[in-house]
Amino acid sequence: PQPTHRRMSWVEVIGYAGSLLVITSLAQTRLLWLRLFSLCGSITFLVYAVLIESVPIALTNCVLMLINLWHLWRLFTGREDFSLLEVAPDSPYLRHFLEFHADDIAASQPDFSGVRDGDVVVMVLRDMVPTMVVVGRPRGDAFRVYLDYAIPSYRDFKGGRWLYEERTDFFHRFDVSEIVATGLTERQRRYLRRAGFRQREDGKWVRRL
């Protein structure tokens, strides 16, 4: 007898699509994309559960959908608790933080050569998680930034926006009128644009306070 080839039904295609979306979400390093893919996966699986009349799968994905929506609401509405933590230049934790992320820092800000005595170091905490570090020092009427780095899972520009828009008091205490940074890579230039910096004729990026 000739072998029969079973054709995949469109219902199965929906199930496989849901599986692919869930797997893709687990491969994301940024929380925003993880939640978006996970939300799409839970919605797709919910449709699949309704089509095959599976109550357990439907209930599970209803709960997952609500969890993802709640986390996305927090991400988009800024319902996180931001705070600043000044760190000593010789802090052991800072050293380990920079060493752990050294390759990623070099890829985006290759001009950063390390923390020096006299540098001002501040971390942005989100729900008490260190997600961003800024290293710089005041020079004349400008605060010169040598490093402005956010870890991959929190690289959604919210930390920088909060620091440069809502915590200008941190920079005013140094009696400066502008913040100056460099953007040697496209990734960093894109970040600086979104953080409100503008490029000068000399190539430096400046944000007026």
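This briefing covers the sheet, the nonpolar cores, a surface patch and selected residues of a predicted model. Seven strands make up an open sheet with mixed pairing. The largest nonpolar core has 23 residues, and a second, separate core has 16. A nonpolar patch lies on the surface, with helix 2 (residues 31-52) as its main contributor.

**Sheet order and edges**

- The strand order in the open sheet is 1-2-3-4-5-7-6.
- Strand 1 (82-87) and strand 6 (198-199) are at the edges; each has a single partner strand, so one side of each is left without a neighbour in the sheet.
- In a regular strand, side chains alternate between the two faces of the sheet.

**Strand pairs and hairpins**

- Strand 1 and strand 2 run antiparallel and are joined by six bridges. Within this pair, Glu86 has Val122 in strand 2 as its bridge partner.
- Strand 2 and strand 3 also run antiparallel, with seven bridges between them. Here Met123 has Val133 in strand 3 as its bridge partner.
- Strand 2 and strand 3 form a hairpin with two residues between them, and Asp127 in the turn has a positive phi of about 55°.
- Eight bridges connect strand 3 to strand 4 in the antiparallel sense. Pro138 is opposite Phe143 in strand 4.
- The hairpin of strand 3 and strand 4 likewise has two residues between the strands; Gly140 in its turn has a positive phi of about 65°.

**Positive phi in loops**

- Met128 lies in the loop between strand 2 and strand 3. Its phi is near 70°, a positive value in a residue other than glycine.
- Met128 has a relative accessible area of 59% and is therefore exposed, the cut-off for that class being over 50%.
- Asp175 is in the loop between helix 7 and strand 5. Its phi, near 55°, is again positive in a residue other than glycine.
- The relative accessible area of Asp175 is 66%, so this residue is exposed.

**Largest nonpolar core**

- Leu163, Tyr164, Phe171 and Phe197 are the residues with the most contacts inside the 23-residue core.
- Two or more residues of this core come from each of strand 2 (120-126), strand 3 (129-139), strand 4 (142-150), helix 6 (158-166), helix 7 (168-172), strand 5 (178-181) and helix 8 (186-194).
- The second core, separate from this one, includes Val121, Leu125, Val135 and Leu147.
- Leaving aside neighbours within four places in sequence, Phe197 is in contact with Tyr164, Ile179, Ala181, Leu192, Trp205, Val206 and Arg207.

**Ile179 in strand 5**

- Ile179 is part of strand 5. With a relative accessibility of 0%, Ile179 counts as buried.
- Residues up to four places away in sequence aside, Ile179 touches Phe143, Val145, Tyr164, Phe171, Phe197, Trp205, Val206, Arg207 and Leu209.
- Ile179 and Val206 are 27 residues apart along the chain, and their C-alpha atoms are separated by 5.6 Å.

**Pro130 in strand 3**

- Pro130 belongs to strand 3. Its relative accessible area is 23%, so Pro130 is partly exposed.
- Not counting residues up to four places away in sequence, Pro130 touches Tyr93, Phe97, Met123, Val124, Leu125 and Ile151.
- The C-alpha atoms of Pro130 and Glu86 are separated by 11 Å, with their positions 44 residues apart along the chain taken as the sequence separation.

**Helix 2 and the surface patch**

- The patch consists of Trp10, Ile43, Val47, Leu51 and Ile52, which together have about 450 Å² of accessible area. Helix 2 gives four residues to this patch.
- Ile43 is located in helix 2. At 37% relative accessibility, Ile43 counts as partly exposed.
- Thr44 is also found in helix 2. Its relative accessible area is 17%, so Thr44 is buried, since that class covers values under 20%.
- Beyond residues up to four places away in sequence, Thr44 touches Ile14, Ala17, Gly18 and Leu21.

Technical notes:
Residues are numbered from 1 along each chain as its sequence is written. This is a predicted model: local features need pLDDT of at least 70, side-chain atom pairs count only at pLDDT 80 or more; totals for chains, interfaces and linings use all residues. Side-chain values use heavy atoms; hydrogens and water are left out. A nonpolar core is a set of buried Ala, Val, Leu, Ile, Met, Phe, Trp, Tyr and Cys residues joined through side-chain atoms within 4.5 Å. Buried means under 20% relative accessible area, exposed over 50%, partly exposed in between (1.4 Å probe, protein chains only). Contact means heavy atoms within 4.5 Å. Patches are made of residues with over 30% relative accessible area and no salt bridge: like charges are joined within 9 Å, nonpolar side chains (Val, Leu, Ile, Met, Phe, Trp, Tyr) within 5 Å. Accessible areas come from the Shrake-Rupley method with a 1.4 Å probe; for residues, only the protein chains shown count as cover. A salt bridge is a side-chain nitrogen of Lys or Arg within 4 Å of a carboxyl oxygen of Asp or Glu. Two strands pair if DSSP finds at least two bridges between them.
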